[in-house]
Amino acid sequence: MVRVDGRGTDSLVKVRGLDKKYQRGSEEIDVLQGLNLDVDAGDFVAFMGPSGSGKTTLLNLLGGLDVPSRGSITVAGDEITNMSASRLTTWRARHVGFVFQMYNLIPVMTAFQNVELPLLLTRLSSAERRKHVETALTVVGLADRMHHYPRQLSGGQEQRVGIARAIVADPTFLLCDEPTGDLDRKSADEILDLLTRLSREYHKTVLMVTHDPLAAQRADTTLHMDKGVLMEGTKNPQMAGRVAQ
Amino acid sequence: MKYFPILLANLSRKKIRTILTLGSFVIALLLFGVLAAVRTAFSQGADIASVDRLVVRNKTSIIQPLPLAYRDRMLRIQGVQEVTYLNWFGGVYQDERNFFPQMAVDVPTYRKVITDLAVTDAEWKAFEDDRQGAIVGESIAKRFNWKIGDHIPIKGVIFQGPWEFNLRGIAKGSGNAGEILPFLFHEEYLEERRTFGKGTVGWYVVKIANPTDSTRISKQIDEEFSNSPFETKSDSEKEFAASWGKQLGNIKLIIMTIGAVVFLTLLLVTGNTMATAIRERIRELAVFKAIGYSDKFVLWLVLAEGLTIAVLGGIVGLGLALALLPGMSRALAGMLPPLAIHSSDIALGVFFTFLAGLFAAVLPAMSAMRLRVVDALRRV
């Protein structure tokens, strides 16, 4: 269940009173204001809103890439807002899978090597890493492209490699920033099918920022943001998610 | 080791750029290797000089002569065992390109003073018995493919005219002495045919009984001839050998200056290349950090790239220098001892490249380490 009233108790992701301010010259800009959020394990949540509403900032804070001005974020019992930078790095490696709009694959590495990157930080043996990478690439349907370089793949395939990289270390949740923003409709649908499948079949918690209403409809719940405030939740009727106001 | 493919992938990203950067290290270290070998060659004469010999030359300049009559006066000084003398001949074999040092020596006394001349007694006897006889170091003999018994015509430049010699001995030398040994022939033969400067010598070599007396004897010799038209300057053989190198200026300073300029240029070029390479990869480095790689890892990754290029280029450059030196030695035979790089210079070269790689990469590495992921991912 997804809540924005700050009353959730046993949720996987728990955000309380989150503020984020930026300084632009002498001006202070409130990007997020007193934001509360609860997301349960296995939820697929889409965040929609106009540019500058704070969606990506929220995603960055949830992923431990940025620190809030005030408030707390707790993920699976760990309050990440109190962590040092080095602990946060370790936490990120263990708990977060990032999917970027521009895929952000390393162009000089094959699909296999790109997907293997998060596993190099673990104590897995070479054989174990290979098995995990092959599994992840099979899940995204690219087992036959593992030795291809990003330049040899289509945009949709590159994004699928990006998703394989995000899931290969079995993170607690996936943070997807406009994952279909750079793709044509067909490829976008394939990526959304994949994310839905990860949520349904593999019970992955997926938090996705998008401008695309069709993409948002694939999520269990769509939350709208405006001027740094999380407005309301919309339960997508054909999906199995739950929303509480 | 598991991170090696990341390093390799990054180095192969822009192959031309990597090869050119590597090439700049190769050239720099090749130059360093050759210059170090030349510096060693210049100091080699001093290194192998004997401690029980003094060289007495004209105080004004080595090219000014000294009277032959000085020999007997020096022999009277306490502690002097023997005195021999030499004259610079300055001729060419066939044409000017075939320059090598030739010296007229006083045969009866030469071997008593230069005791480390490595020719057989039979060769020396043959040399003694032939007024037109000559002895040559083996590198010069090899250069011109001379064999004992060969008739060798030399064109006199200082002492004009054609001169004929018979090769009677090839000095092998101990250590490198044979290699730098010039072409020696009879002073008598020169004296007989010279049209000027009769009764003069180029310089004297004095054998002393006790090396600890060298300072006293040097002083005494110079005092003996002070206020004369031919004042002397006496040095130990080591100082004299070193002064030959100084005829061409301070070789060490020149080489060090060239080396410093090369390394500084290398540092600037490589530093700029590394900085450009890192700027192009800002997003990728941000992705590394986003997926859990630490700031320190990113720092070491960039440093490792710089160091790999530098050390690899350095090793290849020094290897090339080592490979080229024998050929250069052959081409310079007779003018310089065999060119070789000391192991200490090799270590110094590798250390310098390591340092250059480190300095070139450290600023880009620091900026990569400090990179904020959210800012970098926002960049297009």
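Trainee: In what order do the 10 strands of the open sheet in chain B run?

Mentor: Keep in mind that this is a predicted model. The sheet is open and its pairing is mixed. Its ends are S4 (91–92) and S12 (232–236) of chain B, the edge strands, each of which pairs on one side only. Reading across, the order is S4-S7-S8-S6-S9-S5-S3-S11-S1-S12.

Trainee: Which residue is the bridge partner of Val92(B) in S7(B)?

Mentor: Let's start with the strands. S4(B) and strand S7 (residues 151–156) of chain B run antiparallel and are joined by 2 bridges. For Val92(B), the partner in S7(B) is Lys155(B).

Trainee: Which strand does helix H9 of chain B run at about 170° to?

Mentor: Two helices are worth a look here. Helix H5 (residues 121–129) of chain B packs on the sheet, where it touches S6 (133–137) and S8 (161–171) of chain B. Helix H9 (residues 214–224) of chain B lies across S1 (53–58), S3 (80–88), S11 (203–208) and S12 of chain B. The strand that H9 of chain B runs at about 170° to is S12(B).

Trainee: And which helix gives the largest share of the side of chain B that touches chain A?

Mentor: Good one! The contact takes 17 residues from chain B and 18 residues from chain A. On the chain B side, H1 (4–11), H12 (282–290) and H15 (373–378) each supply at least two residues. The largest share, 4 residues, comes from H12(B).

Trainee: How far apart are the centres of domain 1 and domain 2 of chain B?

Mentor: Domain 1 of chain B covers 4–45 + 250–378, and domain 2 covers 60–230. Taken over C-alpha atoms, their centres are separated by 47 Å.

Methods:
Residues are numbered from 1 along each chain as its sequence is written. Chains are lettered from A and ligands numbered from 1 in the order in which they are written. This is a predicted model: local features need pLDDT of at least 70, side-chain atom pairs count only at pLDDT 80 or more; totals for chains, interfaces and linings use all residues. Domain bounds come from an automatic or database domain assignment. Two residues are in contact if their C-beta atoms, placed from the backbone, lie within 7 Å. Two strands pair if DSSP finds at least two bridges between them. Axes are lines fitted to C-alpha atoms, for helices over the stretch in contact, and angles run from 0 to 180 degrees between N-to-C directions.
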